[in-house]
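Thanks for asking for a second pair of eyes on this one. Here are my notes, in an order that should suit a first visit.

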Amino acid sequence: MIADIKSQTREELEATFKAWSQPAYRLSQLLEWLYVHRVTEWEAMTNLPKTLRELLRENFSLQPLELVCQRGSRDATRKFLWRLADRSLIESVLLPANPSLYGEPADRHTLCVSTQVGCAYGCKFCASGLDGWKRNLRVEEIVEQVAAVERWNAARPVGDWSPQESITDLLPNVADEKRPTREAFPRVLDFPQARRQVDSESAGFESTVESGATVPSAAARLINNLVIMGMGEPLANYDHLLKALKILNAAWGGGIGARKITISTSGLAPQIRKLAGEPLQFRLAISLHGATDETRNRLMPVNRRYPLRELIAACEYYQAKKGGLITFEYILIAGVNDAIAETKSLAQLARRLHAKVNLIPYNRVEGLDWARPDEARQEAFLAALEKQKVTATLRREKGHDIAAACGQLRLQTERELAPVKTGEA
Ligand code: SAH
Ligand code: SF4
């Protein structure tokens, strides 16, 4: 199988172009077509000589993600379901405003990306792990999630943040009654503020494409924050993730600052240590969900392999090498980890690491018995942490109404499609 062009770093492409005796400026042109205009076909690269386009076609694939459907929620969170070349489904979630969860001002666009198809870690509360692990995403499949959302954004008419019901006809084998309908998509509020920001960024945009070339309109970048919190355990797909992030961080690629990239892990201690040795300085979020081994063991099998002592030591090592804030993610699940008494050990760990705690009310997953505690309990848990001098936030969940929690839309769609799949076999 030939490599996809979006799996390549600039250095790798430089070597290829050198071997092809191509001048350096041709590479800049190629990168601009890929990461500024985000074209999906070689023919669109009109200022590259035909011979070079042919060389590229013979040696690399250029495979965009296929949008199966996208949903907008009432709070303007937008969820994208993509189909990969092998027909696997993955999801990305666009959060138009980051409510300062990871130290950013609230006017950012954050994209939550997936790193695997399914997940092998089997946390008891999580939709992604329910059907097990299928495979790691390739570098280009991670990079393309950002490019494809940017492409989707650029293709919309200016000012159009209106509700989208664009279930495309990309589900050819789905019986009509099984197709998601327009009614299935809740309407979202218009989002003029976000649009204004995009428009003002576009104003300063300059193209280096030769004059006279016809180029598709390139909207300015929409996404300035990444959270690696979609489907899958990012640190279990370490090499592909790191290469993808290098491309997404590079000025010639995604242009997203490393400090605006948050990697979330369920607690793979050795990989956290390995990450500490990387040149880029990412933010780290630990999916803690329990502050004692007893609670964590109940929720997350990974804790038996890397118990809290090991996990916390790895976090301390990361901080010593990298500095910066670590965030603890803590899902509040009724009757499981929401007792006020739990805040004592949580506060101890948070103070020890100077970590911020993000409390996330549990998003119900079909087929699982867990539920979120009522709001009074959520607020009481938050207040108890604050009383113990811990910086904590309570996420009043975005996208709850569009099945935004990790893996839920995919699971729902896989289940809707299940009888169809059987029919195909
Ligand atoms: N595997 C990584 C990253 C993906 S999960 C990890 O576990 O950190 C991203 C976040 O969503 C994690 O904190 C995870 O615990 C949380 N999550 C999973 N299912 C959820 C649900 N039903 N409700 C709320 N949060 C959920
Ligand atoms: Fe995997 Fe993270 Fe879900 Fe656990 S919470 S099953 S590690 S995706």
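1. How much accessible surface does the protein chain have, and what share of that surface belongs to carbon and sulfur atoms? The accessible surface comes to about 18100 Å², and carbon and sulfur atoms hold 52% of it. Please keep in mind while reading that this is a predicted model.

2. Now the overall build. The protein chain has 13 helices and 12 strands. Of its 425 residues, 57% are buried. Among contacts in the chain with a separation of 6 or more, 70% join residues that are 24 or more positions apart.

3. Next, the nonpolar interior. The largest nonpolar core has 106 residues, and the members that touch the most others are Leu30, Leu56, Phe125, Leu226, Phe328 and Val357. Take leucine 56 as a place to look: beyond residues up to four places away in sequence, leucine 56 touches Ile5, Phe17, Trp20, Leu30, Trp42 and Leu48. There is also a second, separate core of 6 residues, with Val93, Cys112, Val227 and Ala285 among them.

4. Ligand 1 deserves a careful look. It is surrounded by 20 residues, the closest being Gly232, Ser264, Ser287, His289 and Asn363. Sorted by class, that shell holds 9 nonpolar, 9 polar and 2 charged residues.

5. Some short distances around ligand 1 are good to check by eye. A polar side-chain atom of serine 287 is 2.5 Å from an oxygen atom of the ligand. An N or O atom in the side chain of histidine 289 is 2.6 Å from an oxygen atom of ligand 1. For glycine 232, the backbone takes part: one of its N or O atoms lies 2.9 Å from a nitrogen atom of ligand 1. On its own, ligand 1 has 530 Å² of accessible area, and the protein covers 93% of this. The elements giving two or more residues to the shell around ligand 1 are β8 (261-265) and β10 (326-332).

6. Histidine 289 has more to show. It sits in the loop between β9 (283-287) and α8 (293-299). Its phi is positive, at about 60 degrees, although the residue is not a glycine. Is histidine 289 buried or exposed? It counts as buried because its relative accessibility is 4%, and the cut-off for buried is under 20%.

7. Ligand 2 has a shell of 11 residues, and the closest are Cys119, Cys123, Cys126, Gly232 and Ser266. By class, this shell has 6 nonpolar, 4 polar and 1 charged residues. Gly232 is thus listed among the closest residues for ligand 1 and also for ligand 2.

8. Please also visit the segment before α1, where lysine 6 is placed. At 2% relative accessibility, lysine 6 counts as buried. What does the side chain of lysine 6 make a polar contact with? The partner is the side chain of glutamate 144, at 2.9 Å. Leaving out residues up to four places away in sequence, lysine 6 touches several others, including Leu34, Tyr35, Leu62, Val139 and Arg151. The C-alpha atoms of lysine 6 and glutamine 63 are 8.6 Å apart, although 57 residues separate them along the chain.

9. Glutamine 8 is found in the segment before α1 (10-19). It is buried, with a relative accessible area of 11%. Its side chain makes a polar contact with the side chain of serine 7 at 3.2 Å. Apart from neighbours within four places in sequence, glutamine 8 is in contact with Ala3, Leu13, Phe60, Ile247 and Trp252. Between the C-alpha atoms of glutamine 8 and glutamate 140 there are 8.3 Å, with these positions 132 residues apart along the chain.

10. Two loop residues round off the list. Arginine 38, in the loop between α2 (24-35) and α3 (50-59), has a positive phi of about 55 degrees without being a glycine. It is buried, with a relative accessible area of 5%. Asparagine 224 belongs to the loop between α5 (192-203) and β7 (225-228) and counts as buried at 14% relative accessibility. A polar atom of the asparagine 224 side chain lies 3.0 Å from the backbone nitrogen of histidine 109.

Note on methods
Residues are numbered from 1 along each chain as its sequence is written. Chains are lettered from A and ligands numbered from 1 in the order in which they are written. This is a predicted model: local features need pLDDT of at least 70, side-chain atom pairs count only at pLDDT 80 or more; totals for chains, interfaces and linings use all residues. Side-chain values use heavy atoms; hydrogens and water are left out. A residue is near a molecule or strand if one of its heavy atoms lies within 4 Å of it. Ala, Val, Leu, Ile, Met, Phe, Trp, Tyr, Cys and Pro count as nonpolar, Asp, Glu, Lys and Arg as charged, and the others, Gly among them, as polar. A polar contact is a pair of N or O atoms within 3.5 Å; within protein, one must be able to donate a hydrogen and the other to accept it, and residues adjacent in sequence count only if both atoms are side-chain atoms. Accessible areas come from the Shrake-Rupley method with a 1.4 Å probe; for residues, only the protein chains shown count as cover. Helices (H or I, at least four residues) and strands (E, at least two) are DSSP runs, numbered from the N terminus. A nonpolar core is a set of buried Ala, Val, Leu, Ile, Met, Phe, Trp, Tyr and Cys residues joined through side-chain atoms within 4.5 Å. Buried means under 20% relative accessible area, exposed over 50%, partly exposed in between (1.4 Å probe, protein chains only). Contact means heavy atoms within 4.5 Å.
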